[in-house]
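Here's a quick briefing to read alongside the model. Have the sequence and the 3D view open as you go.

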Amino acid sequence: MKRKVVSVLLVAAMSVGMLAGCGQEKAVADNGGESAKAEATENNVADADAAAEEGKVLNIYCWNEVFKTRLTDHYPGYEVVDGTHGTIGDVSVVWNITPSDDNAYQNNLDTTLLAQEGAAADDKIDIFLVEADYALKYVDTDYTMAVSDLGITDADLANQYQYTKDVVTDSNGKLKGVSWQGCPGALFYNREVAKEVLGTDDPAEVQKAVADWDTFNQTADTMKAAGYYMTSSVNDTYRVYSNNVSSKWVNDGKISIDENIMKWVEDSKALYDAGETGTHEMWSDDWKKGFYPDGNVFCYFGPAWLINFCMAADDEGSIANLGGWGATEGPQGFFWGGTWICAATGTDNQSLVKDIILQMTANEDIMKEIVVADDDFVNNKPAMEAMAEDTGYSSKVLGGQNPLAMYCAGAEKIDLSNQSPYDQACTEEFQHAMKNYFEGNATLEESLDLFYKSVVEKHPELTY
C-alpha cells in the first residue's frame, strides 16, 4: 500500500472508542509473582542489552493508564520515574497518553505517525496501542510492523486465542499486533436484586431468567414490578446483538443493517417504552448510577475489564467493592474491546519492543500474575484453563465466584468474520441516531436516515 494512500487513511477522522470512559484503575495486590519476575528478568537480559545498544528513548502512545499499569507492575526491570516516565535498564520510557474523547487519541497518533519517517530517533513512536473497533485502520498500513519482522514466531504466540490474532491481521495475512488480554463477555447481575426478585443469586439459576432475549425481556417486566431497571441503558445490550450478526456493516461500499441489529432496536424500544431501561450514554454519570445499590439496576453486559476497571470497584459502597456482582452467560455470547500492542515502523528499539510484547503477552507466569493481581482475563489458553479449575482463585468483585471457565468457553466461540474497517463509525452513529427514535423525538425512518447520512459524512466513499 502506497504511503500516500496510507496517509489519507490515517488522517481520516474516526470517533471516540467505547473504552474511552474506562478510567478506573485497580490497585495491584502483592500476589507472590516475584519469582516469575525474577525468571523473566534472567530471560530478558539479552534483549534488554540489545535494546540499550539501539535507542535510548522508548516512546509509547496510548489513550489511558491500563497498559501503563500493566507494564509498570509486571514487566521485569521496569522502574517508575514519574507519572509519564520510567526506565528499563538505561532506556528512558516516555508515555504519551491522550484520552480518546472527540477522537483526540487517534488524531494525535495519526499526526505523529505521518511525521515518523523524518523525525529524530528519540521522538519516534516505538509502541502504540489500538482497539478492535478501529484496529484495521492501522493494521492495513505500513505504519505498523509485522511481528515476524521483530523476530516473534508463530510458536511464540501459539497459546493465544485465535480471535485476538484475527483482529490485527492485515489483508496480506501478516500479524501486526499482539494483546495480553481476551475480552469474552458476560452478564453481570446484582446479587442482592437477584435474591430479592428471582429468589436466588446462583449463576446457573439466574441464567435461566436471561437465557434468551424473550426470557430476558420477560424478566425485565418482573424487575420493573419490583422497582428495578433491567439495564441502565439500551446501549448496554447493543454489543451482544451486534456481535451476533450475519453480515458486515459495509458490503461492496454500501452500508447495510443486519437483522440482529434491527432486533436490538425493536427490543430496546419496547424496554424503554415500558420504563425498564434508559437511554443514557455509556460512561455518563447517569449510566454509572447502577454501579451503586441506590441505582436500582439489575445487570450490565461486558468483559472482565468492565467490572474490574470501570464499575467503581475501588469506591467504598459500590456493588463491586462489596463483592455484590455475579456473572452468568446471558442471552448470547459476545466480546467487547481489547487492547493490542503494535510496533511502529521506524522504531529504533526493536529488541526491547519484541521483549515487551513477549513478556507481556506470552510469558505464562506473568499472565497468571496479571489475573491474580488485576482480575483480568489474559490471552493465554493454558494459563486460563488452569486457573479456571483452580479452587484457590476467585474474584472479589464477583462475591468469590470464579468466572474463568465461562470466559474460556466464550473466547473460543468469538467469530470476527463480519468485522469491517467501518465498525466504529457505524456502531456509534447508529446508537446516536436510534436514541432519537427511542425517546420519541423522531420516527424510525427519520432516525435511520440520520444514521446513513452521519456515516457517509465521515466516510464519503460509502453509499446506502
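Let's start with one residue, Phe 128. Leaving out residues up to four places away in sequence, Phe 128 touches Tyr 61, Tyr 105, Leu 109, Leu 113, Tyr 138, Tyr 143, Thr 144, Trp 340, Ile 341, Cys 342 and Ala 344. Keep in mind that this is a predicted model.

**The nonpolar core**
- Phe 128 belongs to the largest nonpolar core, which has 136 residues.
- Together with Ile 356, Phe 430 and Phe 451, Phe 128 touches the most other members of that core.

**The four-stranded sheet**
- There's an open sheet of four strands here, with mixed pairing and the order 7-10-6-11.
- Strand 7 (229-231) and strand 11 (325-328) sit at the edges, each pairing on one side only.
- From one strand to the next, the twist averages 20°.
- Strand 6 (residues 186-190) runs antiparallel to strand 10 (residues 297-302), and the two pair over four bridges.
- If you want a spot to zoom in on, Leu 187 has Phe 301 in strand 10 as its bridge partner.

**Helices on the sheet**
- Helix 7 (residues 191-198) lies across strands 6, 10 and 11, at about 75° to strand 6.
- Helix 9 (residues 213-225) also packs on the sheet, where it touches strands 6, 7 and 10.
- The direction of helix 9 makes about 150° with that of strand 7.

**Confidence**
- The average pLDDT for the chain is 89, and 89% of the residues score at least 70.
- Residues 1-52 have pLDDT below 50, and this stretch has 121 contacts in the model beyond near neighbours in sequence.

Methods. Residues are numbered from 1 along each chain as its sequence is written. This is a predicted model: local features need pLDDT of at least 70, side-chain atom pairs count only at pLDDT 80 or more; totals for chains, interfaces and linings use all residues. Side-chain values use heavy atoms; hydrogens and water are left out. Two strands pair if DSSP finds at least two bridges between them. Axes are lines fitted to C-alpha atoms, for helices over the stretch in contact, and angles run from 0 to 180 degrees between N-to-C directions. Contact means heavy atoms within 4.5 Å. A nonpolar core is a set of buried Ala, Val, Leu, Ile, Met, Phe, Trp, Tyr and Cys residues joined through side-chain atoms within 4.5 Å. Buried means under 20% relative accessible area, exposed over 50%, partly exposed in between (1.4 Å probe, protein chains only). pLDDT is the predictor's confidence in each residue, from 0 to 100.
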